[in-house]
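This report describes the architecture and selected side-chain contacts of a single structure. The account moves from an annotated span to the sheet, then to charged pairs and the surface.

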Amino acid sequence: MANVLPYNVPVTVGFNRRFDVSHQQLKQQLRQGRIGPAELIQMVCRSSAMPPLAYLQASGGQMRDQAIHFFDLLRWLTEEEVTEVAAMGAALALPSIREFDDVDTSTLLLRLQGGALAQLDNVRRTGYGYDERISVMGPHGMLESASQPQRGVSCYQGAQIQQPGLLPDWFSRVQPTYYAHLDAFIRSLNGEQFDDLPGLEDGLKAQAIAEAAVISLAERRFCAVEKLPF
């Protein structure tokens, strides 16, 4: 059941990427212990095209707008809290966003409470399609939720292979997750149990990671994630 506020109002948070089928299969196999405990997690979130400037000005910045979904995915997949963050970023695709202290290209290092390390790179514009993938390495192997190509055929000619490209934009991949998330929330109101439905606490903890990343980005240092009182 989704978290309930003190006013007894059910609530969920829009971390719909938890409902990506590939990410869910990755989590299921982690829970089953297929590769043992997570030791190194690598996450990629690369959008195909820059959002409008007006959107970027009101977005809160890349850490709070784009990366925050992967802060939540990291907590959800590993079932551990993030304790420390280091962020580095630049405005390469649209230099004008430097005027409001934003970046469009960034890399982050994150430490989890159990000692595992994670890497995340975020890009607002790729030029080659939407690229989202997560790999988790453990002592017995690696699991990966890979980028997804468009449907099509591969062409083999001589020494060359031409394959279908990636999905054209982020919405092409995540669209089904909005329906799945909303469906799970509505069904939870009727008494069904969904352990992975993101609630208010998940939102606040992901926000705490984002705020630490913003500080790290500005001050060029490792930043501890604030511990929340619950």
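The UniProt record, an unreviewed entry, annotates residues 23-144 as "domain: GFO/IDH/MocA-like oxidoreductase". In this predicted model, the C-alpha atoms at the two ends of residues 23-144 lie 9 Å apart. Helix accounts for 26% of that span and strand for 35%. Lys 27 belongs to helix H1, which comprises residues 21-31. With a relative accessible area of 2%, Lys 27 is buried, because the cut-off for that class is under 20%. The C-alpha atom of Lys 27 is separated by 16 Å from that of Glu 132, and the two residues stand 105 residues apart along the chain.

**The sheet**

An open sheet of 7 strands is present, with mixed pairing and the order E6-E5-E1-E4-E3-E2-E9. Its edges are formed by strand E6 (141-145) and strand E9 (223-224); each has a single partner strand, so one side of each is left without a neighbour in the sheet. Strands of a sheet pair through backbone hydrogen bonds, in either the parallel or the antiparallel sense.

Both senses occur around strand E1. Strand E1 (residues 40-46) pairs with strand E4 (residues 117-123) in the parallel sense over 7 bridges. E1 is also joined by 7 bridges to strand E5 (residues 131-138), and these two strands run antiparallel. Cys 45 stands opposite Asn 122 in E4 and opposite Glu 132 in E5. Cys 45 is buried, with a relative accessible area of 2%.

At the E9 edge, strand E2 (residues 82-90) and E9 pair in the antiparallel sense over 2 bridges. Glu 84 has Ala 224 of E9 as its bridge partner. Cys 223 is likewise buried, at a relative accessible area of 5%. How many disulfides does a search of the whole structure find? The search returns 0.

**Loops with positive phi**

Two residues other than glycine have a positive phi. Glu 79 has phi near 60° and lies in the loop between helix H3 (62-78) and E2. Its relative accessibility is 48%, so Glu 79 counts as partly exposed. Asp 101 also has phi near 60°; its place is in the loop between E2 and strand E3 (105-112). Asp 101 counts as exposed, because its relative accessibility of 72% is over 50%.

**Salt bridges**

The structure holds 20 salt bridges. Three of them are listed below.

| Pair | N to O distance | Accessibility class |
|---|---|---|
| Arg 75 and Asp 202 | 3.2 Å | both buried |
| Arg 187 and Asp 183 | 2.9 Å | partly exposed (32%) and partly exposed (37%) |
| Arg 221 and Glu 219 | 2.6 Å | partly exposed (39%) and partly exposed (47%) |

Salt bridges with shared partners also join Arg 18, Asp 72, Arg 75, Glu 81, Glu 201, Asp 202 and Lys 205 into one network.

Within that network, the side chains of Arg 75 and Asp 202 meet in a salt bridge. This pair links distant parts of the chain, with Arg 75 in helix H3 and Asp 202 in helix H5 (residues 200-219), 127 residues apart. Arg 187 and Asp 183, by contrast, both lie in helix H4, 4 residues apart, which is about one turn of the helix.

**A nonpolar surface patch**

Which residues form a nonpolar patch on the surface? The patch consists of Trp 170, Phe 171 and Tyr 178, with about 290 Å² of accessible area together. Phe 171 is found in helix H4, which spans residues 170-189. Phe 171 is partly exposed, with a relative accessible area of 38%; this value meets the patch criterion, because a patch residue must have over 30% relative accessible area. Helix H4 therefore carries Phe 171 of the patch as well as the salt-bridged pair of Arg 187 and Asp 183.

Terms used. Residues numbered from 1 in each chain as written. Predicted model: local features only at pLDDT ≥ 70, side-chain atom pairs only at ≥ 80, totals over all residues. Heavy atoms only, no water. Patch = residues over 30% accessible without salt bridge, like charges linked within 9 Å, V, L, I, M, F, W, Y side chains within 5 Å. Areas by Shrake-Rupley, 256 points an atom, 1.4 Å probe, with all protein chains shown as cover. Salt bridge = Lys/Arg side-chain N within 4 Å of Asp/Glu carboxyl O. Buried < 20%, exposed > 50% of the residue type's maximum accessible area, 1.4 Å probe, protein only. Disulfide = S-S within 2.5 Å. Pairing = 2+ DSSP bridges. UniProt positions renumbered as here; feature names shortened; annotations may be inferred.
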